[in-house]
Amino acid sequence: MLPLTIPFLATIGLATLGYFLGRSRAISVAGRDMRLLNALPHQHGLNTCFSTLLPPLAVMLIWALAARIASRKDVLLAPENPTLVYIILIGLAVAGLGLSMMRISRDFRARNASERWIMGLLIFASTVAILTTVGIVLSMVSETLNFFGQHDWKAFFFGTTWSPSFSGRGGDSQLGIIPLLWGTLYISFIALAFAVPVGLFAAIYLSEYASPRLRSIAKPMIEILAGIPTIVYGLFALLTVGPLLRDVFAEPMGLGDSASSVMTAGLVMGVMLIPFVSSLSDDIINAVPQSMRDGSLGLGATPSETIRQVVIPAALPGIVGAVLLAASRAIGETMIVVLGAGAAARLSLNPFEAMTTVTAKIVSQLTGDTDFASPETLVAFALGLTLFVITLGLNVLALYIVRKYREQYE
Amino acid sequence: MTDLSASKSGSLLTEDKRTAKRNAAEKRFRAYGLGAILLACLMLVLLLISIVTNGASSFKQTYMAFPVTVSQEEFDAAEGSILKTGAYNKMLQSALMDYLVANDLLGDATEDDVKNMISGEAAADVRRMLLANADVIGTEIDFSLLANGRIDGYFKGRVTRETAALDTKITAAQLDLADRMTEDGSMVTRFNWSFFTNPDASVQRPEAAGLGVAILGSLYMMAVVLCLALPIGVAASIYLEEFAKKNWVTDVIEVNIANLAAVPSIVYGILGLAIFINFAELHQSSPLVGGLVLTLMTLPTIIISTRASLKSIPPSIRDAALGVGASKMQSVFHHVLPLAAPGILTGTIIGLAQALGETAPLLLIGMVAFVKEYPAAYSSELGLFGEASTALPVQIFNWTTRSDPAFVERASGAIITLLIFLLMMNALAIFLRKKFERRW
Amino acid sequence: MNDIKIAAKGVQVYYADTHAIKDVNVEIEDKTVTAFIGPSGCGKSTFLRTINRMNDTIDICRVEGDIRIDGEDIYDPKVDPVQLRAKVGMVFQKPNPFPKSIYDNVAYGPKIHGLARNKADLDEIVEKALRRGAIWDEVKDRLHAPGTGLSGGQQQRLCIARAVATEPEVLLMDEPCSALDPIATAQVEELIDELRQSYSVVIVTHSMQQAARVSQKTAFFHLGNLVEFGDTDKIFTNPEDPRTESYISGRIG
């Protein structure tokens, strides 16, 4: 570890000092008449402050990262003696302070200088989003490659059996993703089959038929569903929906005796997705111009004919986009399936049987004592990457469709 | 064209067959729509009822009150022994026995029955109290002690005489005893403050399990998220909305942010595990790592809502500032940003609420660990927010995986607590929006 | 003199508390073009929309009084607005073709009202309507191209064709040319004149020249009142009411 705490605090101290020094120097340079200055004293102070603060901070960040990467390859970038680190970093701060103080004069455009620093900060902040994506991809790709070094990639992508060995030593684990993908898709399908019609009809009714009174009650209620954390839905599946489905459907029909099942997780996930589908569809339906509705009603169409034959076809691309976004949500959902779907990887058509999903297995392989050398742990990264690629594809497609759709009516 | 001629010559006052059919279809369509809304509302109600009926009882807890005298010798002996709480436990058990005998409440209960009435956690509570005020040693104190989880369950309807018959951990004699003690007033069920302050307890002691550590951990993480996500999110939004030129770089950033908002949360957990724990070697289970992961997860939400509120400020405000000679940066920081602040704040609170309820990524960075010590915000050894902690939603998950049904009650109770927190945050957001909403 | 097609007596329209139409009495003839003119906000569009009950789609709107088509009260509770609107077609201010093919745009009305027995029948209705809309020659080769791809004037004629496809008896037009350029306007005006052969046409317009060109009867609305109604020639050359005269001569508007 680099000893960064002291240089960090020292830099902040110097920067604060720099602000006041810069300000007072600007005032003294101005003499009695402030108007002689090209910029306000405050701006001189800010420039000094940023000049002192930001270069050492940037160096710290880059150095820490580099040292971290180097230490993995047994190269030591951090010197044994912390003094050297202190000298470099604090020296940089002092140099920044000194240089910026020297630049203070009547003609110095301190406002532009300080704004350039601020702009740099703003740009840095907006690259965080990019860095996050890079971090996601890097973190998963390297470990996935690691995994494929120990486990055949064909067996992973095309294997129909999922049975990790519990000895932890590996070797005889069969890690095929097919049963997990099957569970994921089956549950997502049930969820969408429930959420899309309900959400869509709810959105249609709310935007086209409902009285303001009903709307003012029903809309917040549906929005509440959106604000409920998924762990709550998970518990709902585990405590209420699972046993109910088992007692009412599965057992009397002889389809199984498990409370956790594809149906349980799918239905509860469907409930979770209702507000998502309905609010997206609501936006999309409202984007269809009123003149279309008038045109149809003016021809003597009933409201429902207008909706089915004019509004929905006009909104279709947007609705497809919304459904794809919902599908991506369903595929990536974790807590509901962890608590509601079961843990057994299975390729079966019976919706009342327990199955498991990609996300549930990521959780089970990465919680508890994990050994980052064994394929049983590393497989989680390959699963994660697969999940990321699938949802990314769906999202990009969906966002593209929705954006195109909106442009059409703008 | 018979239909046509019918509609041509037909009177408007009579509904023709085709129109009747179409109107029936209209009614059906409306009914589907109304049905969908009712179904959604029904699901919400069902969910809330399920959680409340399962969890409301966790806010009450059964305690026993009887006098205990701990002499100085007993105290010294107990403190000198290896199993300190074990020694206290014996004292409590014999004190309870004495009390029952003296008040003629014992009935047919055996000595073991009586011993098991008291929660294993009670002794630790007594010890803590005695260590805190040494001057009560030697005097008779009226302790109020946690009853065993099964006894507690009996008063909440979770344990009945039928289930007790099948359960090795509770006997009918104990239930009789509990009834007699209740009549006598020495056993009461009252509001369970310690549910909010206690740390988690072992699998055998659901009666002592509380949310203290989880609430503290969640608070720490929210602090981290607020301190990082708000400034970074606002700065990024200002750049993208006010300064960025339209080119492929900004396009990539925009698409990227939209996608990040839809990336499954578990992926952020993998990111946290790989980058913050394995690469940066931050401490597992620490609120710092949890906060960082949630920051990255919340950032897109905050950026999207902040940009929306910046966009809602009319250009005339910017023009006015530029017109008096302010720089672009000054117009943004002096005029646009303050006007957009309520909207930004609302979006941030909603983002925080989302982060507060998030579970999956936290499981991967080890926040599911069993933590009995309250984490300090700063320790010299582990740094800022570095001590192991848990979080509200993870604690809920943790409890659902335990077999004792008493933990289901706790988990549901914890959900109610979590939902109340979320409700308060959302209410605040709505209040802010209503109070500061401005139409241009 | 033609038969009376639409007879309105004592019509009042309210939007929430606003009294938008005040006691309007008018008799509109069959096979005639009747123009409603007046300054913006005078209620002419509102009154037009009461004739096929398009105002029903606005929650806060309330209509009182008596409007009869062929002697039948169209606000009678027994009247289904759907049936009414098949009989009273409407063309809107902005061309609003559905995002469907040209063919489907025109076939939409006949389909929902069940006017065609089979595909051939429907083809025939569509062709006839497009010919009546004076747009057949321009689109006959691309019937399955989207209607939104046409020019503004073509779109508006498509919308007229769409309206006549349901065989209405009355055609309401709400400023049908306001979004069109002069050439397209001329084409639509010519079309309106042809449509007079078969329908009772009511047109709202903000352009007095247009009213003078296409209509036989003119009604002048002002602040929700029907100020004057009569032969177009008379209204434009020799108005009785001073308000009409001021409007015609451009002093109010």
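**Exercise 1.** In this predicted model, work out how many residues chain B and chain A each bring to their contact, and what the side of chain B is made of.

*Solution.* Begin with the contact itself, which takes 71 residues from chain B and 68 residues from chain A. Next, ask which element gives the most to the side of chain B that touches chain A: this is α2(B), with 20 residues. Finally, sort that side of chain B by class, which yields 53 nonpolar, 14 polar and four charged residues.

**Exercise 2.** Locate Ile49(B) in its chain, and decide whether Ile49(B) is buried or exposed.

*Solution.* Ile49(B) lies in helix α2 of chain B, which covers residues 17–55. A residue counts as exposed if 12 or fewer other C-beta atoms lie within 10 Å of its own; Ile49(B) has 11 C-beta neighbours inside 10 Å, and is therefore exposed. As for its distance from Leu230(B), the two residues are 181 apart in sequence, and their C-alpha atoms are 35 Å apart in space.

**Exercise 3.** Describe the contact of chain C with chain B, starting from the residues on each side.

*Solution.* Chain C supplies 16 residues and chain B supplies 14 residues. On the side of chain C, helix α2 (residues 81–87) gives the most, with five residues, and the classes on that side are six nonpolar, three polar and seven charged residues.

**Exercise 4.** Find how chain A is divided into domains, and how those domains meet.

*Solution.* Chain A consists of domain 1 (5–149) and domain 2 (174–408), whose centres, taken over C-alpha atoms, are separated by 46 Å. Their contact takes seven residues from domain 1 of chain A and eight residues from domain 2 of chain A.

Technical notes:
Residues numbered from 1 in each chain as written. Chains lettered and ligands numbered in written order. Predicted model: local features only at pLDDT ≥ 70, side-chain atom pairs only at ≥ 80, totals over all residues. Helix = DSSP H or I, 4+ residues; strand = E, 2+ residues; numbered from the N terminus. Buried ≥ 20, exposed ≤ 12 C-beta atoms within 10 Å, placed from the backbone. Contact = placed C-beta atoms within 7 Å. Nonpolar A, V, L, I, M, F, W, Y, C, P; charged D, E, K, R; others polar. Domains from an automatic or database assignment.
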